Amino acid sequence: MGDGEVWGLIFEPGFSTAKEVTEVSGRGVGMDVVSATSARWGGRVEIESMRGIGTRALTMRLPLTLAILDGMSVGVGQETSSSR
């Protein structure tokens, strides 16, 4: 498999990296819904990652026609990204 195919596995229903299932995590739900919903709206989700190094970016691209919706800010460490 190429890197793109491997990163795409995160969007498969039931995929999880958790070692065990708890009431709140490890059930493998979430990113498949994000991907399907974004595709339904005409958008896409992209992953930039390198094996052994980690994920650099997870980008969600949506059509400009959705700009009337509320936005959000996401912060990781010292970086903050805003989407409106």
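How many residues lie between S1 and S2 in their hairpin? Three, as the first view shows.

This is a predicted model, where local features need pLDDT of at least 70 and side-chain atom pairs count only at pLDDT 80 or more, while totals for chains, interfaces and linings use all residues. Residues are numbered from 1 along each chain as its sequence is written, and side-chain values use heavy atoms, with hydrogens and water left out.

**View 1. The S1–S2 hairpin.** Strands S1 (residues 44-50) and S2 (residues 54-61) run antiparallel, with seven bridges; strands are DSSP E runs of at least two residues, helices H or I runs of at least four, both numbered from the N terminus, and pairing takes at least two DSSP bridges. Look for Glu46 across from Thr59 in S2. In the turn, Gly52 has a positive phi of about 80°.

**View 2. Helix H2 and what it packs on.** Asp32, Thr37 and Ser38 of H2 are buried (under 20% relative accessible area; exposed is over 50%, partly exposed in between, with a 1.4 Å probe and protein chains only). The buried residues of H2 pack against S1 and S2, contact being heavy atoms within 4.5 Å. After H2 comes Gly42, with a positive phi near 90°.

**View 3. Met1 ahead of H1.** Met1 sits in the segment before helix H1 (3-8). It counts as exposed because its relative accessibility is 70%.

**View 4. Confidence along the chain.** Mean pLDDT (the predictor's per-residue confidence, 0 to 100) is 82 for the protein chain, and 87% of the residues score at least 70. Among the elements, H2 (residues 31-40) has the highest mean, 90, and strand S4 (residues 79-83) the lowest, 73.
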